[in-house]
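Hi,

Here is the structure I said I would pass on. Have a look at it first, and then read on for what turned up.

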Amino acid sequence: MKHHIVPVRLYLGIFGALMVLTAITVTVSFYDLGFLNTFVAITIAVCKATLVILYFMHVRYSNKLIWVFAGAGFVWLVILIAFTLSDTMTRAWIPLPPPLPM
Amino acid sequence: MSEPAPATNYLNWNYSIRSWLLTTDHKRIGLLYLMGVTFFFAIGGLMASLFRMELATPAGNLVTADTYNKLFTLHGVVMIFFFLVPSVPGVLGNFVLPIMIGAKDVAFPRLNLASWYVYIIGGCITLYVAVTGGLDTGWTFYTPYSSTYANTKVITAALGVFITGFSSILTGLNFIVTTHKLRAPGMTWMRLPLFVWAIYATSLIMVLATPVLAITIALIAIERATGIGIFDPAIGGDPVLFQHMFWFYSHPAVYIMILPSMGVMSELIACFCRRRIFGYSFVAASSLAIAIIGFFVWGHHLFVSTQSPYAGMVFSFLSFLVAIPSAVKAFNWTATMYKSSVSWQTPMVYAMGFMGLFLIGGLTGLFLANLAVDIHLHDTYFVVAHFHYIMVGGALMGYLGGLHYWWPKITGKLYPEWWGKFSALTVFIGFNLTFMPQFVLGFMGMPRRYYSYPVEWQALNVLSSAGATILGVGYLIPMIYLIWSLKNGKPAPANPWGAKGLEWTTPSPPPMHNFEQTPIVTEEAYAYGNEGHGHG
Amino acid sequence: MADSHGPLAHHFDSLEQQYESARLGMWTFLITEVMMFGGLFLGYVVYRTKYPDLFVAGSHHLDITLGAFNTVVLIVSSLTMAMAVHAAQEGRRARIIGYLWLTLLLGGTFLGVKVVEYSHKFHDHLIPGAHFQWHGAGDPVGPIQLFFGYYFLMTGLHAVHMIIGAGLLLWLIRLASKNRFSAEFFTPVEMVGLYWHFVDIVWIFLFPLLYLIGRHG
């Protein structure tokens, strides 16, 4: 069977990148960036996850089918969250009617 | 056994109980599922007949209100999680899908057996709930009633549903990998039978949606056990969040139930019209479209649950979209039948039943997807009638049609044709008599889930209960003659219908590994030639 | 899959087909895992957007040092797991076993730290339910309880996955010492590897969501 064997040096490089990103996200969390707080934290987490998926989990060297399957779960999770937020975030746009007079 | 052709097949190579309970053969597992779903169908049907009897009179006089609540709850839980969801994929999918694609088995045979055991364990837990206190939350487990106020066995029932969910997940996973990796040489995606496309699309939904149900149901149980308060408004929790999570599974679950039957339909129509299915690629793609769009519509169950009107508009619009791929299928089936010489054998009669009932069910769904109309119809018998037309009229008719179609292949026996047609007609008539009045009742405002009602609604309710009796008889007849045929039926030839498809090239019943040699596919599915064009 | 009949099961034509099936199956399984954790992430996001300040107040009671330490531990364990797969691809049995033990040790460390963190919360009466106590002046207690509810649910489900992963590692070690793996057949090692990395990814998201966002102080 043919398998792509990832060189050890690349694993170590990815590991180093993950460590650096972890250091950055922890450091950044001590500064107030306003609305960027969440954005930065999530972006760094997504980068770290992508590195793990592509290299440690070998998706980078896999066929298209694996790419699709690796992505599908995350896409569907976004659907779940986005459409639920479309309710919870817009619910307050229309004020509730006042209580009925007794 | 006096079988012609090969002496040993998957049924007779070993008769021991052990060889059944530890089997990893997809065909035997299909039969194990057949026993399971038939049993649970009988239980669910029994509950339905009890509360239909109660509803024959306006006053609540046969059972108490509490008992009534438990009856309809368990009817829903049993029928949905233990009959409709596993029926076509578990029985017919397990049996024919690997054969249809020319494989020796599913990709993970032991996982397949495990999923049956998981299903049975979940079922036993649910039966335990039924006999020791019941469940009265409705099959929807809505909070805060289920998490705080209900005095019935919510945690145990949640455990049963949770466990059964994994059976569904494992089945879906198995079919996905099987379809991708175990197709015979030459079996390209565009040569796959449409049943395989439908089961594949169903499996995608199972894999993507069921885990959310699992965690949701687990949260209910955890909240109830520990008072952690996830959905409790008293500490700022949001009960509507539960509804979002629940319907993220349970609306796609409707497609888990109906899509496989649509796949069966495509097989039946092609075979009994002797035609290549009209618009093959569109019918195949519409299965995937239904599976995907089905994930964007769940909010139409929350139109009156304080969901934001803006979300409501989006969900309403998207709900209408699902009608398109469903209609693509219906039109293509009709176009296939057009000017073909239809042979009216039992499976085809069931298929016609499906067509009529699914059409009504689908069109009334459009009423409910409409934001304004839904406010009037929500939680009335109109909704009850609508989803029974889809799930019983559609899914169950398709299942029975498929069971009759593949019965000679599964058992190697033919059933009495006259009784087959008779049962199909009885089911069709009984079904319409049961549920057509419920549309009217719902439109007049009769709410669902009440055990008594005003006197003026009695006539329609009596009609409905009478129809349910006919329907019950209609389901009993096949049970009798199919079991009868096991011993007394005429031996079935390899291809009793003259159908195309790999499953008809192997003996009935098939040998242990399905084929003597791995088949090599050289033609499209439904290569029926021009036999059907005679009238043109 | 490695039965007494050798690694190739009867219904596959080749080891390659069997390997590809296992890999696709594992990825499909991971989709279900994403969606299952997804239900919890959904609730977390909904409540965080509803009560942003109170969730920040709650997160100040989590120990950022222990959280960061555990993050590092898990990433190292992912590296050792990847190295175990690497060793398996090269068919080097002693190395497989060594890396697996190392991974197991790191997983155990993570769980140990988690126990310390949980016991702190228990000590401070931060377990949601009847005995929940909160000393922040003027904060409504309810949503903070929700924060800790989600903290325990998410990290708890994650910890359960870690424990299952530890069991899988022990199973692999046993198979490896029975010499079941070779450069031609090492599917179980790679599949458990995928699972382990997935559990790591979950933590990669849990750490900023629970410990970091809005911290700055």
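How many salt bridges does the rule find across the interface of chain A and chain B? The count there is 1. Before I go on, please keep in mind that this is a predicted model.

**Where chain A meets chain B**

That one bridge is a good place to start. It pairs A:R91 with B:D238, and their closest N and O atoms are 3.1 Å apart. As background, side chains of opposite charge can pair when their charged atoms come close. B:D238 sits in the loop between α7 and α8 of chain B, while A:R91 is in the segment after α3 of chain A, so this pair joins two chains. Are the two partners buried or exposed? B:D238 counts as buried, at 4% relative accessibility. A:R91 is partly exposed, with a relative accessible area of 22%. There is also a third member to look for, as A:D87, A:R91 and B:D238 are linked in a network of salt bridges.

Now for the rest of this interface. On the chain A side 15 residues take part, and they are in contact with 24 residues of chain B. The two chains bury about 1700 Å² between them, and 77% of that is on carbon and sulfur atoms. A:R91 comes up again here: together with A:W76 and A:F83, it supplies 37% of the area that chain A buries against chain B, more than any other three residues. Between these two chains you will also find 5 residue pairs in polar contact, counting pairs with both residues at pLDDT 80 or more. Sorted by class, the side of chain A that touches chain B has 8 nonpolar, 5 polar and 2 charged residues.

**Where chain A meets chain C**

Next, turn to the contact between chain A and chain C. It takes 50 residues from chain A and 51 residues from chain C. The buried area is about 4400 Å², with carbon and sulfur atoms giving 81% of it. How many salt bridges are counted between chain A and chain C? The count is 0. As for polar contacts, 2 residue pairs are found across this interface, again with both at pLDDT 80 or more.

Which elements of chain A give two or more residues to the side that touches chain C? They are α1 (8-28), α2 (36-56) and α3 (64-88). Of these, α3(A) gives the most, with 14 residues. By class, this side of chain A divides into 34 nonpolar, 13 polar and 3 charged residues.

**Chain B on its own**

Chain B has 15 helices and 0 strands. Its radius of gyration is 23 Å, close to the 24 Å that the globule rule gives for 536 residues, so chain B is as compact as a globular protein of that length. Along the principal axes, its C-alpha atoms fill a box of roughly 65 × 50 × 45 Å. Buried residues make up 62% of the 536 residues in the chain. Of the contacts in chain B with a separation of 6 or more, 82% are accounted for by residues 24 or more positions apart.

The loop between α7 (194-226) and α8 (239-273) of chain B deserves another look, since B:G236 is found there. At 14% relative accessibility, B:G236 counts as buried. What is B:G236 in contact with, leaving aside its neighbours within four places in sequence? The list is C:Y47, C:K50, C:Y51 and C:L146.

**More salt bridges**

Over all chains, the count comes to 10 salt bridges. Here are two that lie within chain B:

- B:R276 pairs with B:E524, with the closest N and O atoms 2.8 Å apart. B:R276 lies in the loop between α8 and α9 (280-293) and B:E524 in the segment after α15 (458-488), so the pair ties together parts that are 248 residues apart in sequence. B:R276 is partly exposed at 40% relative accessibility, and B:E524 is partly exposed at 32%.
- B:K421 pairs with B:E417, with the closest N and O atoms 3.9 Å apart. Both lie in helix α14 (residues 417-443), 4 residues apart, about one turn of the helix. B:K421 is partly exposed at 32% relative accessibility, and B:E417 is partly exposed at 25%.

Cheers

Conventions: Residues are numbered from 1 along each chain as its sequence is written. Chains are lettered from A and ligands numbered from 1 in the order in which they are written. This is a predicted model: local features need pLDDT of at least 70, side-chain atom pairs count only at pLDDT 80 or more; totals for chains, interfaces and linings use all residues. Side-chain values use heavy atoms; hydrogens and water are left out. Contact means heavy atoms within 4.5 Å. Buried area is the accessible area (1.4 Å probe) that two parts lose on being put together, summed over both. A salt bridge is a side-chain nitrogen of Lys or Arg within 4 Å of a carboxyl oxygen of Asp or Glu. A polar contact is a pair of N or O atoms within 3.5 Å; within protein, one must be able to donate a hydrogen and the other to accept it, and residues adjacent in sequence count only if both atoms are side-chain atoms. Ala, Val, Leu, Ile, Met, Phe, Trp, Tyr, Cys and Pro count as nonpolar, Asp, Glu, Lys and Arg as charged, and the others, Gly among them, as polar. The radius of gyration is taken over C-alpha atoms; the globule rule is 2.2 Å times the number of residues to the power 0.38. Buried means under 20% relative accessible area, exposed over 50%, partly exposed in between (1.4 Å probe, protein chains only).
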